[in-house]
2 protein chains.
Amino acid sequence: MASSIHDLARHLNISIGTVSRALNGRADVNADTRQRVLDAAAKLNYSPNQSGRSLRRGSTHSIAFMLQPHPGDQQYGEPFFIPFLTGLQAKLAESGLDLIVVMGAPGDYQQERLRRVVETRRADAVVLAWTRREDERIDYLTRVGFPFATLGRSRSGGKSYPSLDLDFEKAGAEAVDRLVARGHRRIAAIRPSLNLNFGYLFLAGYRKALRRHGIEVDPGLIAEGFINEAGGYEVTPQVMRSKDPPTAIIFNNDAMALGGCKALAEMGIKPGHDIAVIVIVDTPLCRYFSPALTAFRPPLEPMGRRLAEMLLASIPAFAGTEGARIIREVWPLELIARDSD
Amino acid sequence: MASSIHDLARHLNISIGTVSRALNGRADVNADTRQRVLDAAAKLNYSPNQSGRSLRRGSTHSIAFMLQPHPGDQQYGEPFFIPFLTGLQAKLAESGLDLIVVMGAPGDYQQERLRRVVETRRADAVVLAWTRREDERIDYLTRVGFPFATLGRSRSGGKSYPSLDLDFEKAGAEAVDRLVARGHRRIAAIRPSLNLNFGYLFLAGYRKALRRHGIEVDPGLIAEGFINEAGGYEVTPQVMRSKDPPTAIIFNNDAMALGGCKALAEMGIKPGHDIAVIVIVDTPLCRYFSPALTAFRPPLEPMGRRLAEMLLASIPAFAGTEGARIIREVWPLELIARDSD
DNA sequence: TGTGTTGTCGTAAACGTTTACGGAAAAACG
DNA sequence: CGTTTTTCCGTAAACGTTTACGACAACACA
């Protein structure tokens, strides 16, 4: 059933060495024999055993993406990653690499799982998402010298690895600009823990833009909640109950926005009518919510493709002739104007 | 850096055979030496090279899930799979197995990718989703004798493999019952290709229930569309323009429902007011849509856990002492009543 | 004809494990 | 004390590849 290179060799009456060389396109094999080997391989539908190959080669020819279930979302997950992974996989496939997605258990923030992947050498490199401001995964990977790239930036690990991030800072500022241009001066920001780097960046852009417009930053209008629906639901009333309540809210996350809008509805406040709402990262929920939420949309599939390129370019073994180089990019987010602001 | 079993053996002045036996918990090794081996392994943080191990053992100790990007949804993917995968991974981890998710390219319906996984022996078994009524993946896997389990049923492959499905037939019937009880007699069904098995099952339930209520099945009220938003948008006006238009619509898919509701809105018809709408499989979109859509919700995470159990039970090498058995289950869907019907 | 070059292939070692087998020492038994 | 059993460990083969090395033939060149 499982035809090996020995079967091929026996079938053709040549040595396994020649078969291997023929299959791997090496120069020192007669054009005629190569063709015979290729034909036989197709006929016996032989394909090389991955374990044997990577044992000998010392590389697995596959890249791992660490997928972490979003904390606190039991019922459904984010639709965010699939197009990103589609792009990632498409680009990796062009280089003959496999993408494998490693699921983390909901609790442990991947450390356990990541160690396992690295130590058992299950992949040649990993891709991380949900980067934190200080990220122990990045510390670990740089410490042991394992190749990786990140979706999102971090302060950990210096500039030693490729990263692709979205410009949350600019998005935060743009959101403020847009609201100010429409006459708002009291603008609230609802965000997750600053430990999540995109939360930190967003807040920085928000602050900077406010100051640029000569508006004082009011700590009472900034609230931190758990990064899910419950977090938004819980924290939104706090800013609304400040003595001088906001006329606009920027949510840093779609789930928090939905929870927040629920809280607003219960207070009789209607987004797009009584208050302006902007969401930093768009998902289908923003589009179909009523009113449809104005949001910034990330180009997920191209990001996946690009990060794959960047990762490969950073690894000498994969970066063609040009040698390894570390690329770090920050992409803009596109504002999709809808009905909520 | 990469410490091997040889390093361990040299460090302890014993043979690699003994080290391996100690690590693998075999009986014929002195309790004292075993302890020393374990300590040394922890100290040098040794963990076995996966390639070497699976080459020798002939098994990879990992299960592959074939993830197919939903056809036609470029911008975002379904939030459906993450909780399912969480359950799957949790249960597999309890048996020391790894879950890897293999991304398919958007076009090829996985055949290419699946062959690759099987032929290179990258996993010991695979899990399939989006089963079709006649499923070439299932045919292929049974033909080559590769272990697998499916989320969803199929006519292919007989009863030779474990499967876990939702009772779409019952859900379709329940939806009809509910609508009839509320006075509807003209009930439309909007569904994807019957090739997708859940579409087939849904329609069967729909038909059966209508007949049970003595209502004639009107082909003009049944429409088939592409399984995405555009499909629903395109096809919904067709049923609405029939000479005796429906007073209720059952959508077989959340994306189709959203597209359909958009079309209804453009015709000035308001779900929950002018027409009743029920969706067969719930997602967050149904919850946050306005009006919130009544839908049937699947228990995704438990389904993942259960399918993992069923898969393991079907493979002699993993099923403890009890021997292999094929389990097939069909789970009920729970109706979540909201505002659209 | 002798020497060097080129093209093609076989041999064998190596990657890191696991495990069947056998052997030596220790323990049990008469 | 001699024999048998048990306990423990080392040896070596095997899993399926890739690849360094050398061998051999053919060919070119002087």
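A polar contact here is a pair of N or O atoms within 3.5 Å; within protein, one must be able to donate a hydrogen and the other to accept it, and residues adjacent in sequence count only if both atoms are side-chain atoms. Keep that in mind, because what you're looking at is a predicted model, where local features need pLDDT of at least 70, side-chain atom pairs count only at pLDDT 80 or more, and totals for chains, interfaces and linings use all residues. Residues are numbered from 1 along each chain as its sequence is written, chains are lettered from A and ligands numbered from 1 in the order in which they are written, and side-chain values use heavy atoms, with hydrogens and water left out.

Let's start with helix H3 of chain A, residues 31–43. Helices are DSSP runs of H or I, at least four residues long, numbered from the N terminus. Taking 1.5 Å times one less than the number of residues as the expected span, these 13 residues should cover 18 Å, and the end C-alpha atoms are indeed 18 Å apart.

Which residues of H3(A) are buried? They are Thr33(A), Val37(A), Ala40(A) and Ala41(A), where buried means under 20% relative accessible area (1.4 Å probe, protein chains only) and exposed means over 50%. Seen down the axis, the buried residues fall within an arc of 105°, so they line one face of the helix. On the other side, Ala31(A), Ala42(A) and Lys43(A) are exposed. Helices H1 (5–12) and H2 (16–23) of chain A are among what covers the buried residues of H3(A).

Now look at the start of H3(A), where a side-chain oxygen of Asn30(A) comes to within 2.6 Å of the backbone nitrogen of Asp32(A). Asn30(A) also meets the DNA: one of its backbone N or O atoms is 2.8 Å from a phosphate oxygen of strand C. Thr33(A) joins in, with an N or O atom of its side chain 3.0 Å from a phosphate oxygen of DNA strand C. As for the bases, a polar backbone atom of Arg56(A) sits 3.2 Å from a base oxygen of strand C.

Over on DNA strand D, a side-chain N or O atom of Arg21(B) is 2.8 Å from a base oxygen, while a polar side-chain atom of Arg21(A) lies 3.4 Å from a base nitrogen. The backbone takes part too: a polar backbone atom of Asn49(A) is 3.0 Å from a phosphate oxygen of strand D.

Notes
Helices (H or I, at least four residues) and strands (E, at least two) are DSSP runs, numbered from the N terminus. The arc is that of the directions from the helix axis to the C-beta atoms. Contact means heavy atoms within 4.5 Å.
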